[in-house]
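Me: I am new to this structure and would like a close look at one part of it, the opening helix and whatever surrounds it. Please take me through it slowly and in a connected way.

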Amino acid sequence: PYIYGYNEMTIEQCVADLLREQGLTITVIESGTNGEILGKLVQHIPQRVSGEQMGINLSSDTLISVMEEYKSEKKSDIVLATRLTPINDRQDLWLALDYQGKLFIEERSYGGPPGDALRWSVNFGLDSIRRKLLGIDPME
């Protein structure tokens with residue numbers, strides 16, 4: 001199941017708590033999401049988060065290369081890269097998560113109201129991290 005909050009706890013607080021409890025650091029690379037995921041995590045655990053908002057037209061291969069550079073440079077335990085791309089009447093989300101030496105890639109499309117695509121992609125990215133940290137992720 002996908003969870004975006006629980007009672008008073010937001011999904012970003014849940015992810016921050018899991019990262020803190022497990023003693024992990026994360027690097028977030030975002031394209032087309034205005035740095036929203038990074039910003040939400042920095043609010044809760046600034047010492048465990050690094051990252052960057054990049055241009056929207058980056059290829060998947062380029063984002064994977066950037067992930068590898070950041071993982072090496074920042075010594076992060078987890079690296080998340082997302083790209084949200086508007087295509088006609090939908091928004092495409094490409095997401096890659098490097099965790100425990102494995103690269104997981106997922107692609108989704110959002111066909112709802114265009115104004116909600118950013119929130120959807122941010123929540124989906126945060127929930128992908130949460131699922132991996134809890135070992136319940138179907139991305140494999």
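Reply: A residue is called buried when its relative accessible area is under 20%, and exposed when that area is over 50%. With that cut-off in hand, and keeping in mind that this is a predicted model, we can turn to helix α1, where the buried residues are Ile 11, Glu 12, Cys 14, Val 15, Ala 16, Asp 17, Leu 18 and Leu 19.

The helix itself covers residues 11-22, which makes 12 residues, and its span from the first C-alpha to the last is 17 Å, close to the 16 Å expected at 1.5 Å a residue. After α1 comes Gly 23, a residue with a positive phi, near 65°.

One of the buried residues, Leu 19, deserves a longer look. Leaving out residues up to four places away in sequence, Leu 19 touches Leu 24, Ile 26, Ile 45, Arg 48, Ile 78 and Leu 133. Leu 19 also belongs to the largest nonpolar core, which has 29 residues, and there Leu 19, Ile 26, Leu 41, Ile 78 and Leu 133 are the ones that touch the most other members. Two or more residues of this core are given by each of α1, β3 (26-31), α2 (36-44), β5, β6 and α4 (117-134), and the largest share, seven residues, is supplied by α4. Separate from this is a second core of 11 residues, with Ile 29, Leu 63, Ile 64 and Val 66 among them.

The next thing to follow is how α1 packs against α2. Two packed helices are described by the angle between their axes and the distance between the axes. Here the axes of α1 and α2 come within 9 Å and cross at roughly 60°, so α1 is oblique to α2. The crossing of these two helices is right-handed, and the contact is made on the α1 side by Glu 12, Gln 13, Val 15, Ala 16 and Arg 20, and on the α2 side by Lys 40, Leu 41 and His 44. Of the α1 residues in that contact, Glu 12, Val 15 and Ala 16 were among the buried residues listed earlier, while Leu 41 of α2 was named among the members of the largest core that touch the most others.

From the core we can step outward to its surroundings, beginning with Ser 50, which sits in strand β4 (residues 49-54) and counts as buried because its relative accessibility is 16%. Apart from neighbours within four places in sequence, Ser 50 is in contact with Ile 26, Thr 27, Val 28, Leu 38, Lys 74 and Ser 76, so that Ile 26 is a residue touched by Ser 50 as well as by Leu 19. Lys 74, another of these partners, is 24 residues from Ser 50 in sequence, with 7.8 Å between the two C-alpha atoms.

A further buried residue is Phe 104, which has a relative accessible area of 8% and is found in strand β7. Phe 104 and Arg 131 lie 27 residues apart in sequence, and their C-alpha atoms are 12 Å apart in space.

Two loop residues, finally, offer a contrast with these buried positions. Asn 88, in the loop between β5 (78-87) and β6 (90-99), has a positive phi of about 50° although it is not a glycine, and with 79% relative accessibility it counts as exposed. Gln 100, in the loop between β6 and β7 (102-110), also has a positive phi without being glycine, near 55°, and is exposed at 64%.

How values were computed. Residues are numbered from 1 along each chain as its sequence is written. This is a predicted model: local features need pLDDT of at least 70, side-chain atom pairs count only at pLDDT 80 or more; totals for chains, interfaces and linings use all residues. Side-chain values use heavy atoms; hydrogens and water are left out. Helices (H or I, at least four residues) and strands (E, at least two) are DSSP runs, numbered from the N terminus. The expected span of a helix is 1.5 Å times one less than its number of residues. Buried means under 20% relative accessible area, exposed over 50%, partly exposed in between (1.4 Å probe, protein chains only). A nonpolar core is a set of buried Ala, Val, Leu, Ile, Met, Phe, Trp, Tyr and Cys residues joined through side-chain atoms within 4.5 Å. Contact means heavy atoms within 4.5 Å. Axes are lines fitted to C-alpha atoms, for helices over the stretch in contact, and angles run from 0 to 180 degrees between N-to-C directions. Angles under 35 degrees count as roughly parallel, over 145 as roughly antiparallel, 65 to 115 as roughly perpendicular and the rest as oblique. A crossing is left-handed if the near helix is turned anticlockwise from the far one by less than a right angle, and right-handed if clockwise.
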